[in-house]
Amino acid sequence: MGMNAPLLYLSALAGILGVAGFFILREVLRVRAQEKVLNQLQPRLSKEKGSPQEHYELGSVYLQKRLYDQAIAQMKKALEVAGEDIPPVCNALGFAYFSQQQYDLAIRYYKDAVTADPDYVTAWNNLAHAYEKKNLYGSSLEAYETALKLDPKNAVAKRRSDSLRKRLQPNA
């Protein structure tokens with residue numbers, strides 16, 4: 001057993017280093033992909049009008065990097081170029097405002113997303129969460145219930161709607 005202890009230790013260490021290496025490599029690849037998008041789209045969109053998809057893609061990278069003001073600018077340009085509400089873009093705008101604790105603006109854009117696509121479950125969840133942050137529990141519960149009608153297996157909506165129902169029940 002005395003000879004197996006160092007081997008066991010080295011095996012465990014190699015396993016831990018392998019797992020850590022995997023996560024580090026995955027993160028490096030993710031950041032490289034973001035930087036590639038930035039390097040391609042930033043210069044082009046500063047000179048040209050660009051498509052709604054390009055503005056959305058650049059805005060999404062800014063969101064991932066938590067550069068919310070730049071993300072908002074790109075998402076608004078995407079809507080401007082498109083000339084209509086695009087549900088994923090409206091949802092992303094709502095998320096950017098929500099992340100900055102600007103809940104009224106977030107609610108506005110989440111509503112735009114669900115108006116443009118009433119079956120957009122993620123936007124319904126996000127709208128409900130924003131209502132909840134504003135202490136509008138009735139509206140929040142309605143939005144979570146709509147999300148559950150669209151996706152009965154939605155774990156977030158189920159958990160949060162159950163919690164809100166308990167909160168809204170009058171104490172008997």
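**Exercises on an all-helix chain**

The chain exposes about 11,000 Å², of which carbon and sulfur atoms supply 56% (Shrake-Rupley method, 1.4 Å probe). This is a predicted model, in which local features need pLDDT of at least 70 and side-chain atom pairs count only at pLDDT 80 or more, while totals for chains, interfaces and linings use all residues. Residues are numbered from 1 along each chain as its sequence is written, and side-chain values use heavy atoms, with hydrogens and water left out.

**Exercise 1.** Describe the secondary structure and the spread of the chain.

Solution.
- Step 1: The chain has eight helices and zero strands (DSSP runs: H or I of at least four residues for helices, E of at least two for strands).
- Step 2: The radius of gyration is 22 Å, well over the 16 Å from the globule rule for 172 residues, so the chain is more spread out than a compact globule (C-alpha atoms; the rule is 2.2 Å times the number of residues to the power 0.38).
- Step 3: The C-alpha trace spans about 65 × 65 × 25 Å along its principal axes.

**Exercise 2.** Identify the residues that touch the most other members of the largest nonpolar core, and the helices that supply it.

Solution.
- Step 1: The core has 43 residues, and Leu63, Leu93 and Leu127 touch the most other members (buried Ala, Val, Leu, Ile, Met, Phe, Trp, Tyr and Cys joined through side-chain atoms within 4.5 Å; buried means under 20% relative accessible area, 1.4 Å probe, protein chains only).
- Step 2: At least two residues of this core come from each of α1 (4–47), α2 (52–64), α3 (68–82), α4 (87–99), α5 (103–116), α6 (121–133), α7 (137–150) and α8 (155–168).
- Step 3: Beyond its neighbours within four places in sequence, Leu63 contacts Tyr68, Ala71, Met75, Ala92, Phe95 and Ala96 (heavy atoms within 4.5 Å).

Key:
Buried < 20%, exposed > 50% of the residue type's maximum accessible area, 1.4 Å probe, protein only.
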